[in-house]
Amino acid sequence: MLLAAERLTRFTEWLKTIRSPKTVQSYVESAKLFEAFCEYHTWSMRNLPSTCLEGWVTSLHAKRKSPATVQLRIAGVTAYLDFLKRHGVVDDVPFRPKLPSQPVSTITFHLGDGVLEKVFYAIDRLVPEPYATAIKLLPYSGLRLHELCQLKLGDVRAVWAGKSEALVLRVLGKGKKTRDVPLLPAGDVLLRDYLTSQKPSQHTPEVLSWSESKRNALPLFSSLKTQTKSISAKLVERYIRTLRDGLKALGIKLPNLTAHKFRHHFVTELHKNGVRDLDLAMIAGHENLSTTRRYTHPTTEDLATIVRRTTGDVSP
């Protein structure tokens with residue numbers, strides 16, 4: 001029988017082929033905690049008691065873990081046990097406890113009333129290029145942070161939208177699935193300006209002499225030190241923390257501002273402008289429509305406007 005360390009290593013390698021880095025980290029952490037729990041109770045992975053998962057969940061509740069965290073831990077351990085069963089390490093997957101249903105939480109975050117303009121003003125003052133443009137692109141594209149950082153020059157392309165061209169990003173999302181993400185009009189202008197003024201200045205004469213296909217493999221947002229290396233997600237998060245402090249000095253309090261909050265703003269902005277939930281899910285890369293509906297929380301005014309639009313009383 002494989003040792004715990006070897007089991008976890010193989011599980012990690014397998015997960016990396018089907019899950020995003022963030023999910024891999026969460027699931028592996030859950031698997032490690034479960035292994036430690038079983039070792040404490042001197043349970044063999046070959047003959048786990050049918051109530052072991054239930055006992056583990058009880059211990060998580062005793063540590064005052066939130067329902068969302070408990071669900072995440074169960075998902076990680078279930079994936080781990082399924083993997084072990086597939087490789088003959090465990091005979092049967094223990095009974096998965098059913099948790100009481102929780103009300104669906106909504107995500108309310110939208111930078112309106114000139115707040116986004118003030119955020120961009122602070123970015124220009126506090127954040128260097130190319131990190132400044134990368135952060136500005138977040139509320140215009142709704143990308144996850146790891147999706148933004150791994151963009152290549154060749155991932156930007158133009159398509160016809162009505163009577164004009166629009167920029168679209170080819171994004172590698174969760175589960176290594178690709179999708180096309182159109183930008184809000186202001187994001188289109190921002191990226192075009194970056195590609196014509198900022199990006200060429202980052203290239204040395206050697207890079208400019210490369211073939212087009214080789215240049216397209218370069219990062220869209222290159223590291224300050226190495227132009228062939230992508231920007232750092234950790235550094236983006238650090239600049240956003242600096243941004244929060246700068247906004248506070250301007251009288252704007254956004255203590256919970258993160259890279260992912262800009263994604264919430266993007267989806268909410270599209271919903272407010274009448275984009276259907278199904279289309280939103282495709283743009284945002286949500287596999288489950290219920291995830292999208294956490295963002296689409298219409299107010300009474302929104303619903304009244306939608307009804308008026310059906311009779312032509314309110315312009316879209």
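# A walk through the predicted model

W14 has a relative accessibility of 27% and so counts as partly exposed, since that class covers values between 20% and 50%. The structure in which W14 is viewed here is a predicted model. W14 sits in helix 1. Apart from residues within four places of it in sequence, W14 is in contact with A79, F83 and R86. Another residue to look at from here is V24: W14 and V24 are 10 residues apart in sequence, and their C-alpha atoms are 9.4 Å apart in space.

V24 also appears among the contacts of T12. T12 belongs to helix 1, which spans residues 4–15. Once residues up to four places away in sequence are set aside, T12 touches V24 and V28. T12 has a relative accessible area of 18%, and it is therefore buried, the cut-off being under 20%.

With these two residues located, the chain as a whole can be described. The chain holds 15 helices and 3 strands. Of its 316 residues, 40% are buried. The accessible surface of the chain is about 18,200 Å², and carbon and sulfur atoms account for 53% of that surface. Among contacts in the chain with a separation of 6 or more, 60% are between residues 24 or more positions apart.

How confident is the predictor? The pLDDT of the chain averages 83, and 87% of the residues score at least 70. Over residues 99–104, however, the pLDDT is below 50, and this stretch has 7 contacts in the model beyond near neighbours in sequence. Among the elements of the chain, the lowest mean pLDDT, 70, belongs to helix 15 (residues 300–310), while the highest, 95, belongs to helix 6 (residues 131–141).

Helix 6 is also worth following for its burial. Is helix 6 largely enclosed or largely open? Because 11 of its 11 residues are buried, helix 6 is largely enclosed by the rest of the structure. The buried residues of helix 6 include Y131, I135, K136, L137, L138, P139 and Y140. A132, T133, A134 and S141 are buried as well. On one side of helix 6 in sequence, the loop between helix 5 and helix 6 contains P130. The peptide bond from E129 to P130 is cis, with omega near 0°. On the other side, helix 6 is followed by G142, which has a positive phi near 70°.

Helix 5 leads on to the packing of helices. Two packed helices are described by the angle between their axes and the distance between the axes. Helix 5 (residues 115–126) packs with helix 11 (residues 233–249) at an angle of about 115°, and the two axes are 9 Å apart. The crossing of helix 5 and helix 11 is right-handed. From helix 5, the contact is made by K118, V119, A122, I123 and L126; from helix 11, by T242, L243, G246 and L247. An α-helix has 3.6 residues a turn, so residues three or four places apart point the same way.

A second packed pair is formed by helix 12 (residues 259–272) and helix 13 (residues 277–284), with an angle of about 150° and axes 10 Å apart. Helix 12 is therefore roughly antiparallel to helix 13, a description that applies to angles over 145 degrees. The crossing of helix 12 and helix 13 is right-handed. Helix 12 contributes R263, F266, V267, L270 and H271 to the contact, and helix 13 contributes D277, L280, I283 and A284.

Two loop residues remain to be described. T42 is not a glycine, yet it has a positive phi of about 55°. T42 is found in the loop between helix 2 (21–40) and helix 3 (52–62). Is T42 buried or exposed? Its relative accessibility is 69%, so T42 counts as exposed, the threshold being over 50%.

K176 likewise has a positive phi, of about 55°, although it is not a glycine. The loop that holds K176 runs between strand 2 (164–172) and strand 3 (178–182). With a relative accessibility of 52%, K176 counts as exposed because the value is over 50%.

Key. Residues numbered from 1 in each chain as written. Predicted model: local features only at pLDDT ≥ 70, side-chain atom pairs only at ≥ 80, totals over all residues. Heavy atoms only, no water. pLDDT = per-residue confidence, 0-100. Helix = DSSP H or I, 4+ residues; strand = E, 2+ residues; numbered from the N terminus. Contact = heavy atoms within 4.5 Å. Buried < 20%, exposed > 50% of the residue type's maximum accessible area, 1.4 Å probe, protein only. Areas by Shrake-Rupley, 256 points an atom, 1.4 Å probe, with all protein chains shown as cover. Axes fitted to C-alpha atoms, helices over the stretch in contact; angles between N-to-C directions. Parallel < 35°, antiparallel > 145°, perpendicular 65-115°, else oblique. Left-handed = near helix turned anticlockwise from the far one by under 90°.
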